[in-house]
Amino acid sequence: MFIVLEGIDGTGKSTQARLLAEWFRSRGREVVTSREPTDGPWGTRLRESAAAGRLSADEELRYFLKDRRQHVDELIRPSLEAGKVVILDRYYFSTMAYQGARGFDPGEIRIKNEAFAPVPDHLFILDLDVDAALERVGARGDTANEFERRDALQKCREIFLTLRDEPFVHVVDTSGGLEQVQAEIRGKLA
Ligand code: TYD
């Protein structure tokens, strides 16, 4: 089973991923959790760029694709083939949203990714109003870096929501709190 959590910054993806992994483990399943950008060479460069001056749009897109290829080859495919549950905090839908917000065509980004990256069984889009999301990011003490500019996030949210009618996609309202969100995710999976 391959599960992906997406959403703009501040929607609680990493917490939900952790809680979901605990749930599967308590039910005896072997779980692998991971995130993108990864902690590999390309992902590390991307994380650094968020703080130290952003890469050009072309370069950024290229790095995300390289990071993902490596992630798919080294972790995602082998784990799925071994029968493990794979839970990702961000995947190529983030590229559609964030690099889409930077001017690329989200549909083309999707095609490029699906040429090598497996489509998840379930995509949970954690949804929240941009102002509320920004407030949460501030409350967490994160600096509002380049990636987190309001207009861009608004565009990202819109692009994520264009996926809402696909059969494997679930949009979850995250304004209600952690436990409620986790319960809704588990409910859909059960
Ligand atoms: P994020 O999950 O927010 O990392 P952290 O919790 O360490 O801040 O990811 C970092 C940023 O990367 C986030 O703002 C979204 C962006 N991003 C893209 O622009 N394209 C992508 O394909 C991915 C996976 C992430």
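**Group meeting talk: a serine, a helix pair and a ligand shell**

Let me start with one residue, Ser-34. Leaving aside residues up to four places away in sequence, Ser-34 touches His-71, Leu-75, Ile-87, Leu-88 and Asp-89. Please keep in mind that this is a predicted model.

Where does Ser-34 sit? It belongs to strand E2, which covers residues 31-35. One of its contacts is polar: the side chain of Ser-34 meets the side chain of His-71 at 2.7 Å. For a sense of distance across the chain, take Asp-165. Ser-34 and Asp-165 are separated by 131 residues in sequence, and their C-alpha atoms are 26 Å apart in space.

Next, a pair of helices. H2 runs over residues 41-51 and H3 over residues 57-81. Their axes come within 8 Å and cross at roughly 145°. The crossing of H2 and H3 is left-handed.

Which residues make the contact between these two helices? From H2 there are Pro-41, Trp-42, Gly-43, Arg-45 and Leu-46. On the H3 side they meet Glu-60, Tyr-63, Phe-64, Lys-66, Asp-67 and Gln-70. Sorted by character, the residues of this contact are five nonpolar, two polar and four charged.

Now the ligand. There are 13 residues around the ligand, and those that come nearest are Asp-9, Arg-47, Arg-90, Thr-95 and Gln-99. By character, the shell around the ligand holds four nonpolar, three polar and six charged residues.

Some distances from side chains to the ligand follow. For Asp-9, a side-chain N or O atom is 2.9 Å from an oxygen atom of the ligand. For Arg-68, a side-chain N or O atom is 3.2 Å from an oxygen atom of the ligand. With Gln-99 the ligand atom is a nitrogen, and a polar side-chain atom of Gln-99 lies 2.7 Å from it.

How much of the ligand does the protein bury? The ligand taken alone exposes 560 Å², and 81% of that is buried by the protein.

Which elements give two or more residues to this shell? They are H3, the helix we have just seen packed against H2, and H4, a helix spanning 92-101. H4 gives the most, with four residues.

To recap, H3 takes part in two of the topics today: H3 meets H2, and H3 gives residues to the shell around the ligand. Ser-34, where we began, has its polar side-chain contact with His-71. That is the end of my part.

Key:
Residues are numbered from 1 along each chain as its sequence is written. This is a predicted model: local features need pLDDT of at least 70, side-chain atom pairs count only at pLDDT 80 or more; totals for chains, interfaces and linings use all residues. Side-chain values use heavy atoms; hydrogens and water are left out. Axes are lines fitted to C-alpha atoms, for helices over the stretch in contact, and angles run from 0 to 180 degrees between N-to-C directions. A crossing is left-handed if the near helix is turned anticlockwise from the far one by less than a right angle, and right-handed if clockwise. Contact means heavy atoms within 4.5 Å. Ala, Val, Leu, Ile, Met, Phe, Trp, Tyr, Cys and Pro count as nonpolar, Asp, Glu, Lys and Arg as charged, and the others, Gly among them, as polar. A residue is near a molecule or strand if one of its heavy atoms lies within 4 Å of it. A polar contact is a pair of N or O atoms within 3.5 Å; within protein, one must be able to donate a hydrogen and the other to accept it, and residues adjacent in sequence count only if both atoms are side-chain atoms. Accessible areas come from the Shrake-Rupley method with a 1.4 Å probe; for residues, only the protein chains shown count as cover.
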